[in-house]
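Let's take a stroll along a protein chain together. Keep the structure open beside you, and turn it around as you read.

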Amino acid sequence: MNQPVQKNTLYVGGLAEEVDEKILHAAFVPFGEVKDVKTPLDQSTQKHRSFGFVTFLEREDAAAAMDNMDGAELFGRVLTVNYAFPERIKGGEQGWAAQPIWADADTWFERQQQEEEMQRLQAEHRAAMQAAEKLHREKLAAEREGEKEEETADPMAAAEAQAVKQSS
């Protein structure tokens with residue numbers, strides 16, 4: 001099942017043990033205003049699990065940070081930076097563990113209808129675009145035919161045009 005990416009939140013992998021949330025914040029703040037930094041802890045060791053999440057206020061800042069920091073080195077370790085996927089708990093579409101699997105059946109049907117409507121609209125749009133392109137090509141062809149007829153209608157004008165072309 002495809003999960004939508006969170007375009008403001010980045011996953012940062014490959015963190016050294018010395019890196020904490022303050023250091024991670026300092027490394028990413030040059031790219032824009034950072035809303036939140038998290039480094040999930042391992043329950044047994046109480047140390048971070050060598051990855052973290054950086055959330056920016058603006059999507060463009062997150063994209064710039066990802067472009068610049070993916071493959072960069074921090075405390076001797078090469079970072080992996082990607083868009084983060086939302087955290088989900090198994091059980092139902094909404095991620096609620098107590099929700100029965102069939103609980104989203106009504107919304108599934110609505111989504112199917114919306115998707116079919118979107119596909120229908122896209123098909124209509126493609127057909128309209130193709131018709132417009134065809135009409136445009138026909139118009140251009142008619143204009144070219146009109147130009148050729150004008151050239152052949154006046155032999156003196158055609159001869160002058162030919163002479164100008166040859167002298168250029």
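Read from one end of the sequence to the other, this protein goes β-α-β-β-α-β-β-β-α-α. That pattern comes from four helices and six strands. Keep in mind that you're looking at a predicted model.

**The whole chain**

How much of the protein is buried? Buried residues make up 21% of the 168 residues. The protein exposes about 12,800 Å², and carbon and sulfur atoms supply 54% of that. Now think about who touches whom: if you take the contacts between residues at least 6 apart in sequence, 60% of them join residues at least 24 apart.

**Helices with a buried side**

Start with helix α1, residues 21-28. At its start, a side-chain oxygen of Asp 20 reaches to within 3.2 Å of the backbone nitrogen of Lys 22. Further along, Leu 24, Ala 27 and Phe 28 are buried. These three cover an arc of only 85° around the axis, so they sit on the same side of α1.

A bit of helix geometry helps here. An α-helix has 3.6 residues a turn, so residues three or four places apart point the same way.

Helix α2 covers residues 59-69, and its buried residues are Asp 61, Ala 62, Ala 65, Met 66 and Met 69. Looking down the axis of α2, you'd find these buried residues within an arc of 135°, which means they line one face of the helix. What sits on the face turned away from the buried side? There you'll find the exposed residues Arg 59, Glu 60 and Asp 67. Just after α2 comes Gly 71, with a positive phi of about 90°.

**A helix with hardly any cover**

Now jump to helix α4, residues 155-167. How many of its 13 residues are buried? The count is zero, so to speak of cover, α4 has hardly any. Its length is a nice check you can do yourself: at 1.5 Å a residue, the 13 residues should span 18 Å, and the end C-alpha atoms are indeed 18 Å apart, which agrees.

**Two strands side by side**

Next, look at strands β2 (residues 34-38) and β3. They run antiparallel, and four bridges join them. One pairing to look for is Asp 36 with its bridge partner in β3, Thr 55. Is β3 mostly covered or mostly open? Strand β3, residues 51-56, is mostly covered, with five of its six residues buried.

Thr 55 deserves a closer look. This residue belongs to strand β3, and its relative accessible area of 16% makes it buried, because buried means under 20%. Its side chain makes a polar contact of 3.1 Å with the side chain of Thr 9. Leaving aside residues up to four places away in sequence, Thr 55 touches Asn 8, Thr 9, Val 34, Lys 35 and Asp 36.

**The loop between β2 and β3**

Thr 39 is in the loop between β2 and β3. Buried or exposed? Thr 39 is buried, at a relative accessible area of 11%. Not counting residues up to four places away in sequence, its contacts include Leu 15, Glu 21, Leu 24 and Phe 51. You've met Leu 24 already, as one of the buried residues of α1.

Asp 42 is in the loop between β2 and β3 as well. With the same sequence neighbours left out, Asp 42 touches Lys 47 and Arg 49.

Gln 46 also lies in this loop. Gln 46 has a positive phi of about 60° although it is not a glycine. Phe 75, found in the loop between β4 (73-74) and β5 (77-78), is not a glycine and has a positive phi of about 55°.

Here's how some of these loop residues compare with Thr 55 for cover:

| Residue | Relative accessible area | Class |
|---|---|---|
| Thr 39 | 11% | buried |
| Thr 55 | 16% | buried |
| Asp 42 | 28% | partly exposed |
| Phe 75 | 46% | partly exposed |
| Gln 46 | 48% | partly exposed |

To finish, go back to the structure and find Thr 39 and Gln 46. Thr 39 is buried, whereas Gln 46 counts as partly exposed, and the loop between β2 and β3 holds both Thr 39 and Gln 46.

Conventions: Residues are numbered from 1 along each chain as its sequence is written. This is a predicted model: local features need pLDDT of at least 70, side-chain atom pairs count only at pLDDT 80 or more; totals for chains, interfaces and linings use all residues. Side-chain values use heavy atoms; hydrogens and water are left out. Buried means under 20% relative accessible area, exposed over 50%, partly exposed in between (1.4 Å probe, protein chains only). Two strands pair if DSSP finds at least two bridges between them. Contact means heavy atoms within 4.5 Å. Accessible areas come from the Shrake-Rupley method with a 1.4 Å probe; for residues, only the protein chains shown count as cover. The arc is that of the directions from the helix axis to the C-beta atoms. The expected span of a helix is 1.5 Å times one less than its number of residues. A polar contact is a pair of N or O atoms within 3.5 Å; within protein, one must be able to donate a hydrogen and the other to accept it, and residues adjacent in sequence count only if both atoms are side-chain atoms.
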